[in-house]
2 protein chains.
Amino acid sequence: MGMDDRKLRILQAIIDDYILTAVPVGSRTISRKYETSLSSATIRNEMSDLEDLGYLDQPHVSAGRIPSAKAYRLYVDQLLQSGRITADSSDTIRTHFANRVQQMERVIDQAAQVLSTLTGYTAVVLEPGGKQPRIRNIQLVSVSPGSALAIIVTDAGLVRDHIISVPRNMDSDELYTISRALTEALSDCTPQQACDRIPILMARMEGNAAVLQSFSGLMSEARDGDSHRRVAVGGVSNMLAYPEYSDMEKARSFLSLIETRDKLASIIAQKGDVAFTVRIGPETGVPEMSDCSIVTATYSTRSGRQGTIGVIGPTRMQYSRVLSVLSGMGQQLSELFGSNEEKQ
Amino acid sequence: MGMDDRKLRILQAIIDDYILTAVPVGSRTISRKYETSLSSATIRNEMSDLEDLGYLDQPHVSAGRIPSAKAYRLYVDQLLQSGRITADSSDTIRTHFANRVQQMERVIDQAAQVLSTLTGYTAVVLEPGGKQPRIRNIQLVSVSPGSALAIIVTDAGLVRDHIISVPRNMDSDELYTISRALTEALSDCTPQQACDRIPILMARMEGNAAVLQSFSGLMSEARDGDSHRRVAVGGVSNMLAYPEYSDMEKARSFLSLIETRDKLASIIAQKGDVAFTVRIGPETGVPEMSDCSIVTATYSTRSGRQGTIGVIGPTRMQYSRVLSVLSGMGQQLSELFGSNEEKQ
DNA sequence: GTTAGCACTCGTCGGCGTTGAGTGCTAACC
DNA sequence: GGTTAGCACTCAACGCCGACGAGTGCTAAC
């Protein structure tokens, strides 16, 4: 008993219908709405086969069938192979990022916003990361006697700022000299390398050991804290609209997962170089998401850093729409960040 | 028929019990658990009076009574007058901010986190704002040919960064010279003042008109965008645990309100100089929050800028606990930001 | 002023029959 | 051999009691 073409068509119809209605679909529905040339009895036989093959589940005997994770997998794989996903280039995406010069932070916030309204699911956008950032410029600015703000610009244009303490009597010219020296010495370093070099610098610039000390702590924090990539989330409330979350307990655990940004980031972060990742139900590897699907795509900056955009929805998600929206948004973001770093 | 002492005690008992259980409380409960010297019949008479006075509501005739917004108001006012709110100084608050040098952003994130776990409600923290920030230092850093990152440090230690475009052939020394000039010319200005002065500067530094042009756009955006104060939220999932949100539609509208940060910020933002604000149910002025209460407190930085911390919970919130936690957190944050700007 | 007693209300909960969607199987049909 | 009509069967959902019990208001007695 293999998977002939008709079985496939029927399976497709079931998935389509279930995605739309979230109600177990019966043989009669298929025979009337989709395969009008076949009777419900025939469909029934085929459905029984499909169940044996593991593509359908039956919540209880007198209910219709619902697609299994395996079915969605098949569905999505076909979708991806068929190349039918065309990047959504609706104005909503385009106009949102046009003309305006933007702060990185606001861009990813807005991207999450747009993604979620466009899909109706929950959207997550992860700022570019992956490669260790490289230091481009270091600036110490006095904010009050005894403390200074250390601003570090990295190659991705990312800024980290921290307050560090400095000797009380240090004036802004001195701070500037140190900044200059630090920039020169650590330019193009990763935080890791910076940590390694600071002891050497200390010997050279002995008068400013205290400042270097604070700075070193900051660097080691930056090194360890790469997991703290900023992550924007949008459309969480959308999820509550789907019947799969009428169970409060489920909704709660989902929400609380979304709230722990670190965990969320590591779930969303996409490794490898594929254009899309689709994880369906159990494939997510997260118990709280066992009946969600996560679709992610990447965008990249000129410097080769990769960010991830993703959509989280119920397993019966509108994959084809989500894929094309993600694709469109990915392109848009790549363009945006690409051009930022190399504009005429 | 006035409010004698006994009525007050009974009302108090009803509120306490309802806060705990979320179940309409009956006369028998009060007579057994609180006013053991009185019979349920007596309590019943008193409750009937209290209902006439508008302090109690009756969901239906054979259910117990629940406190009205007016009752909570009385309750909270007494709480505030009695001075019984002692700043919660449990280690949870203290240790979270000790020793570590922090980015402002992370501080408010963590504050929201701690507030929500400590209270069990949803917590919102608004970064300091109010006074127009004053420019302290401006730095232009080249990120790629043709674009530069403009970093503006303000008196509150806040950093804004934007990418602006610059002539392609400009090297970092030139950028530095401009930075220096800008800092000198605009130091201690508000964004508004900066906008005003830029035309004058343009005349003086004619060679760099293009850069100034971009910079001016940025300033005017900063001026208008003060409403975009950063806001951190924590413990949203907590809310779903309360029975008042078993209604999905309510939960959804609440969540979506929380998601629109701008609206949320303007709701939370506390005007005036009082230590606490307590808004109960309809007093919030937000239909989505008609059965929530919002309690806010302020913290302030050395420079006099005020931030707000707030807790959003059901109207039957544990006001006394929330008030003391907020008070503790407010102190802690004030200390933190106070010392940041004037450390030994 | 307080309390015991009592009739009354009304939401909640569990049981029960009805309904209807959907299945599986069998036998007939092409 | 695949397709279909027919039929018995299953089972969740729905609505309808009736019992239960928490709680009230009122009255009469203390």
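# A tour from E51(A) to the DNA strands

Start by selecting E51(A), which at 26% relative accessibility counts as partly exposed. Here buried means under 20% relative accessible area, exposed over 50%, and partly exposed in between, calculated with a 1.4 Å probe on the protein chains only.

The model is predicted: local features need pLDDT of at least 70, side-chain atom pairs count only at pLDDT 80 or more, and totals for chains, interfaces and linings use all residues. Residues are numbered from 1 along each chain as its sequence is written, chains are lettered from A and ligands numbered from 1 in the order in which they are written, and side-chain values use heavy atoms, with hydrogens and water left out.

**Stop 1: the partner of E51(A)**

Add R65(A) to the selection. Its side chain meets that of E51(A) in a salt bridge, 2.8 Å from N to O. R65(A) sits in the loop between β1 (56-57) and β2 (66-67) of chain A while E51(A) belongs to helix α3 of chain A, so the pair ties together parts that are 14 residues apart in sequence. A salt bridge is a side-chain nitrogen of Lys or Arg within 4 Å of a carboxyl oxygen of Asp or Glu. Helices (H or I, at least four residues) and strands (E, at least two) are DSSP runs, numbered from the N terminus. R65(A) is buried, at a relative accessible area of 11%.

**Stop 2: chain B, then the other salt bridges**

Select R65(B) and E51(B), whose closest N and O atoms are 2.8 Å apart in a salt bridge. Since R65(B) lies in the loop between β1 (56-57) and β2 (66-67) of chain B and E51(B) in helix α3 of chain B, the pair ties together parts 14 residues apart in sequence. R65(B) is buried, with a relative accessible area of 11%, and E51(B) counts as partly exposed at 26% relative accessibility. Back in chain A, select R6(A), K7(A), E46(A) and D49(A), which are joined into one network by salt bridges that share partners. Over all chains the structure holds 24 salt bridges.

Next, D77(A) and R73(A): their side chains meet in a salt bridge of 3.6 Å, N to O. Both residues lie in helix α4 (residues 69-82) of chain A, 4 residues apart, about one turn of the helix. An α-helix has 3.6 residues a turn, so residues three or four places apart point the same way. D77(A) counts as partly exposed at 30% relative accessibility, and R73(A) counts as partly exposed at 24%.

**Stop 3: helix α4 of chain B**

Select residues 69-82 of chain B. This helix, α4, has 14 residues and reaches 20 Å from its first C-alpha to its last, close to the 20 Å expected at 1.5 Å a residue; the expected span is 1.5 Å times one less than the number of residues. Which residues of α4(B) are buried? They are A71(B), Y72(B), Y75(B), V76(B) and L79(B). They cover an arc of only 130° around the axis, which puts them on the same side of α4(B); the arc is that of the directions from the helix axis to the C-beta atoms. Just after the helix, G83(B) takes a positive phi of about 65°.

**Stop 4: DNA strand C**

Show the residues near strand C, that is, those with a heavy atom within 4 Å of it. There are 21 around this strand, and S27(A), R6(B), T42(B), V61(B) and S62(B) come nearest. Of the strand C atoms within 4 Å of the protein, 76% belong to sugar or phosphate and the rest to bases.

Now look for polar contacts, pairs of N or O atoms within 3.5 Å; within protein, one must be able to donate a hydrogen and the other to accept it, and residues adjacent in sequence count only if both atoms are side-chain atoms. A polar side-chain atom of R44(A) lies 3.2 Å from a base oxygen of strand C. R65(A), from the first stop, has a side-chain N or O atom 3.0 Å from a phosphate oxygen of strand C. For R6(B), the distance from a side-chain N or O atom to a phosphate oxygen of this strand is 2.7 Å. The elements that give two or more residues to the surface near strand C are α3 (40-52) of chain A and α3 (40-52) of chain B. The largest share, 4 residues, comes from α3(B).

**Stop 5: DNA strand D**

Repeat the selection for strand D, which has 21 residues around it, with R6(A), T42(A), V61(A), S62(A) and S27(B) coming nearest. A side-chain N or O atom of R6(A) is 2.6 Å from a phosphate oxygen of strand D. T42(A) places a polar side-chain atom 2.5 Å from a phosphate oxygen of strand D. From chain B, a polar backbone atom of S62(B) is 3.4 Å from a sugar or linking oxygen of strand D. The largest share of the surface near strand D, 4 residues, comes from α3(A).
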